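Here is a short, informal tour for anyone meeting this structure for the first time. Have a look at the picture, then read on.

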Amino acid sequence: MHTYSVAAACVSQGVGCAIVDEFSARYTRGVRLRPLVPDLKFSITALTSENRAISNAEEMFIRILRSACQELHRET
């Protein structure tokens with residue numbers, strides 16, 4: 001589950017380059033942020049277990065994420 005942070009850590013040690021999430025990029029020392037131009041469009045999917053009900057925290061997170069994405073979409 002730490003794929004992006006491992007990729008960012010490899011880059012900080014000089015092992016090539018990587019496309020990672022903004023959080024991993026911002027909090028890894030020794031890397032430069034270089035935005036992609038043009039901006040990439042992508043889908044975000046929330047994965048939850050089939051074997052249990054979604055918790056209130058998960059439901060709230062999904063709502064907040066959806067709201068934030070809609071707000072960003074309106075700004076463009």
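What follows goes from the whole chain down to single residues.

**The overall build**

First, a caution: this is a predicted model. The chain has 3 helices and 0 strands, and reading along the sequence gives the pattern α-α-α. How does its radius of gyration compare with the globule rule? The value is 16 Å, well over the 11 Å that the rule gives for 76 residues, so the chain is more spread out than a compact globule. Its C-alpha trace spans about 45 × 35 × 15 Å along the principal axes.

The surface figures can be read alongside that. Of the 76 residues, 7% are buried. The accessible surface of the chain is about 7400 Å², and carbon and sulfur atoms account for 57% of that area. As for charge, the chain carries 9 positive and 8 negative charges, and the mean positions of these two sets are 6 Å apart.

**Cysteines without a bridge**

How many disulfides does the structure hold? The count is 0. Take Cys-10: the closest cysteine sulfur belongs to Cys-17, and at 12 Å from the sulfur of Cys-10 it is too far for a bond. A disulfide would need the two sulfur atoms within 2.5 Å. Cys-10 is partly exposed, with a relative accessible area of 34%. Cys-69 is partly exposed too, at 32%.

**One aromatic pair**

The structure holds 1 aromatic pair. It is made by Phe-23 and Tyr-27, whose ring centres are 4.7 Å apart and whose planes meet at 40 degrees, so the pair is tilted. The reasoning rests on the cut-offs: planes under 30 degrees apart would count as stacked and over 60 as edge-to-face, with the rest called tilted. Are these two residues buried or exposed? Both Phe-23 and Tyr-27 are exposed.

**The loop between H2 and H3**

Helix H2 covers 22-26 and helix H3 covers 56-75, and Arg-32 sits in the loop between them. Arg-32 is exposed, with a relative accessible area of 71%.

Pro-38 has its place in that loop between H2 and H3 as well. Which kind of peptide bond joins Val-37 and Pro-38? It is a cis bond, with omega at about 0 degrees. For context, most peptide bonds are trans.

**Two residues in helices**

Ser-12 lies in helix H1, which runs over residues 3-12. Ser-12 is partly exposed, its relative accessible area being 23%. In helix H3 you will find Arg-63, which counts as partly exposed at 48% relative accessibility.

**Sequence and space side by side**

To finish, here are some residue pairs, with their separation along the chain and the distance between their C-alpha atoms.

| Pair | Apart in sequence | C-alpha to C-alpha |
|---|---|---|
| Arg-32 and Val-20 | 12 residues | 12 Å |
| Arg-63 and Thr-48 | 15 residues | 14 Å |
| Ser-12 and Asn-51 | 39 residues | 39 Å |

The last row links Ser-12 of helix H1 with Asn-51, and their C-alpha atoms are 39 Å apart. That row can be read next to the overall picture, in which the chain is more spread out than a compact globule.

Terms used. Residues are numbered from 1 along each chain as its sequence is written. This is a predicted model: local features need pLDDT of at least 70, side-chain atom pairs count only at pLDDT 80 or more; totals for chains, interfaces and linings use all residues. Side-chain values use heavy atoms; hydrogens and water are left out. Helices (H or I, at least four residues) and strands (E, at least two) are DSSP runs, numbered from the N terminus. The radius of gyration is taken over C-alpha atoms; the globule rule is 2.2 Å times the number of residues to the power 0.38. Buried means under 20% relative accessible area, exposed over 50%, partly exposed in between (1.4 Å probe, protein chains only). Accessible areas come from the Shrake-Rupley method with a 1.4 Å probe; for residues, only the protein chains shown count as cover. Lys and Arg count as positive and Asp and Glu as negative; His and the chain ends are not counted. The place of a charge is taken as NZ of Lys, CZ of Arg, CG of Asp or CD of Glu. Rings of Phe, Tyr and Trp (its six-membered ring) pair if their centres lie within 6.5 Å; planes under 30 degrees apart count as stacked, over 60 as edge-to-face and the rest as tilted.
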